[in-house]
Amino acid sequence: MVVDNRVVYGGGAAEISCSIAVSKAADQIPTIEQYAMRAFASALDAIPLALAENSGFSPIDTLASVKSRHVTEGNSRLGIDCNSTGQNDMKEQFVYDPLIAKRQQYLLATQLVRAVLKIGK
(Lines give C-alpha, C1' and ligand atoms only; values in the text may rest on other atoms or scores of the structure.)
Protein backbone atom coordinates (compact mmCIF):
# COMPACT_ATOMS: atom_id res chain seq x y z
CA MET A 1 0.00 0.00 0.00
CA VAL A 2 1.49 3.32 -1.08
CA VAL A 3 0.66 6.13 1.32
CA ASP A 4 2.31 8.93 -0.64
CA ASN A 5 3.23 8.44 -4.30
CA ARG A 6 4.80 11.87 -4.87
CA VAL A 7 8.35 12.04 -6.18
CA VAL A 8 11.15 14.59 -6.45
CA TYR A 9 13.90 14.74 -9.05
CA GLY A 10 16.93 12.66 -8.13
CA GLY A 11 20.60 13.00 -8.90
CA GLY A 12 20.99 15.60 -6.17
CA ALA A 13 18.55 18.00 -7.87
CA ALA A 14 16.30 18.22 -4.81
CA GLU A 15 19.25 18.85 -2.49
CA ILE A 16 20.68 21.53 -4.77
CA SER A 17 17.31 23.29 -4.97
CA CYS A 18 16.90 23.14 -1.19
CA SER A 19 20.45 24.39 -0.65
CA ILE A 20 19.87 27.39 -2.90
CA ALA A 21 16.54 28.17 -1.20
CA VAL A 22 18.04 27.95 2.30
CA SER A 23 20.99 30.14 1.27
CA LYS A 24 18.61 32.76 -0.13
CA ALA A 25 16.56 32.66 3.07
CA ALA A 26 19.75 33.06 5.12
CA ASP A 27 20.49 36.28 3.22
CA GLN A 28 17.31 37.74 4.72
CA ILE A 29 18.26 36.91 8.34
CA PRO A 30 20.24 39.69 10.04
CA THR A 31 21.01 37.70 13.22
CA ILE A 32 23.58 35.04 13.97
CA GLU A 33 21.03 32.38 12.99
CA GLN A 34 22.02 32.96 9.37
CA TYR A 35 25.24 31.02 10.02
CA ALA A 36 23.30 27.93 11.10
CA MET A 37 21.17 28.22 7.97
CA ARG A 38 24.27 28.51 5.78
CA ALA A 39 25.76 25.43 7.48
CA PHE A 40 22.53 23.54 6.77
CA ALA A 41 22.68 24.62 3.11
CA SER A 42 26.29 23.46 2.95
CA ALA A 43 25.31 20.09 4.46
CA LEU A 44 22.66 19.66 1.76
CA ASP A 45 25.41 19.99 -0.84
CA ALA A 46 27.11 16.86 0.53
CA ILE A 47 24.80 14.54 -1.46
CA PRO A 48 25.44 16.01 -4.92
CA LEU A 49 29.15 16.30 -4.06
CA ALA A 50 29.27 12.59 -3.20
CA LEU A 51 27.34 11.70 -6.36
CA ALA A 52 29.77 13.67 -8.51
CA GLU A 53 32.83 12.20 -6.82
CA ASN A 54 31.51 8.63 -7.04
CA SER A 55 30.79 9.18 -10.74
CA GLY A 56 34.39 10.18 -11.42
CA PHE A 57 33.78 13.91 -11.82
CA SER A 58 35.46 16.78 -10.03
CA PRO A 59 32.94 17.27 -7.22
CA ILE A 60 33.40 20.99 -6.60
CA ASP A 61 33.49 21.95 -10.29
CA THR A 62 30.49 19.78 -11.09
CA LEU A 63 28.39 21.10 -8.20
CA ALA A 64 29.34 24.70 -8.97
CA SER A 65 28.36 24.24 -12.61
CA VAL A 66 25.00 22.64 -11.83
CA LYS A 67 24.20 25.18 -9.09
CA SER A 68 25.03 28.01 -11.47
CA ARG A 69 22.70 26.56 -14.08
CA HIS A 70 19.99 26.13 -11.43
CA VAL A 71 20.13 29.84 -10.68
CA THR A 72 20.60 31.19 -14.20
CA GLU A 73 18.17 28.86 -15.98
CA GLY A 74 15.72 28.55 -13.10
CA ASN A 75 15.56 24.80 -13.75
CA SER A 76 15.16 22.87 -10.50
CA ARG A 77 15.35 19.54 -12.35
CA LEU A 78 19.11 19.80 -12.89
CA GLY A 79 21.21 17.25 -11.02
CA ILE A 80 24.45 15.33 -11.29
CA ASP A 81 24.77 13.35 -14.53
CA CYS A 82 26.01 10.11 -12.91
CA ASN A 83 25.38 8.11 -16.09
CA SER A 84 27.48 10.47 -18.25
CA THR A 85 24.67 10.99 -20.74
CA GLY A 86 25.55 14.64 -21.29
CA GLN A 87 22.18 15.65 -19.88
CA ASN A 88 21.80 17.13 -16.37
CA ASP A 89 18.01 17.28 -16.52
CA MET A 90 16.79 14.51 -14.24
CA LYS A 91 13.34 14.55 -15.82
CA GLU A 92 14.91 13.73 -19.20
CA GLN A 93 16.94 10.93 -17.59
CA PHE A 94 13.93 9.62 -15.64
CA VAL A 95 15.77 9.90 -12.31
CA TYR A 96 13.34 10.29 -9.42
CA ASP A 97 13.36 9.80 -5.65
CA PRO A 98 10.28 9.12 -3.52
CA LEU A 99 9.32 12.25 -1.59
CA ILE A 100 8.53 10.28 1.55
CA ALA A 101 12.06 8.83 1.65
CA LYS A 102 13.68 12.21 1.03
CA ARG A 103 11.52 13.80 3.73
CA GLN A 104 12.47 11.08 6.23
CA GLN A 105 16.16 11.56 5.45
CA TYR A 106 15.93 15.29 6.20
CA LEU A 107 13.91 14.75 9.37
CA LEU A 108 16.25 12.08 10.75
CA ALA A 109 19.37 14.10 9.91
CA THR A 110 17.91 17.18 11.59
CA GLN A 111 16.90 15.20 14.68
CA LEU A 112 20.40 13.74 14.92
CA VAL A 113 22.01 17.17 14.79
CA ARG A 114 19.62 18.48 17.43
CA ALA A 115 20.46 15.50 19.68
CA VAL A 116 24.20 16.06 19.26
CA LEU A 117 23.83 19.76 20.00
CA LYS A 118 21.71 19.01 23.06
CA ILE A 119 24.42 16.68 24.41
CA GLY A 120 27.02 19.38 23.87
CA LYS A 121 25.22 21.84 26.18
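**Two loops and a strand**

Reader: Hi! In which loop does Ser 84 lie?

Author: Happy to help: the elements on either side are helices α4 (59-73) and α5 (90-93). Helices (H or I, at least four residues) and strands (E, at least two) are DSSP runs numbered from the N terminus. This is a predicted model, where local features need pLDDT of at least 70, side-chain atom pairs count only at pLDDT 80 or more, and totals for chains, interfaces and linings use all residues; numbering starts from 1 along each chain as its sequence is written, and side-chain values use heavy atoms, without hydrogens and water. Ser 84 thus sits in the loop between α4 and α5.

Reader: Which sign does the phi of Ser 84 have, positive or negative, and what is its value?

Author: Most residues other than glycine have a negative phi. Ser 84 is not a glycine, yet its phi is positive, at about 55°.

Reader: Where is Phe 94, and what is its phi?

Author: Phe 94 is placed in the loop between α5 and β2. Although Phe 94 is not a glycine, its phi is positive, at about 60°.

Reader: Is Phe 94 buried or exposed?

Author: The classes are buried (under 20% relative accessible area), exposed (over 50%) and partly exposed in between, with a 1.4 Å probe and protein chains only. Because Phe 94 has 65% relative accessibility, this loop residue counts as exposed.

Reader: Which strand holds Tyr 96?

Author: The strand in question covers residues 96-98. Tyr 96 therefore has its place, by the DSSP runs, in β2.

Reader: How does Tyr 96 count in terms of accessibility?

Author: Its relative accessibility is 36%. Because of that value, Tyr 96 counts as partly exposed.
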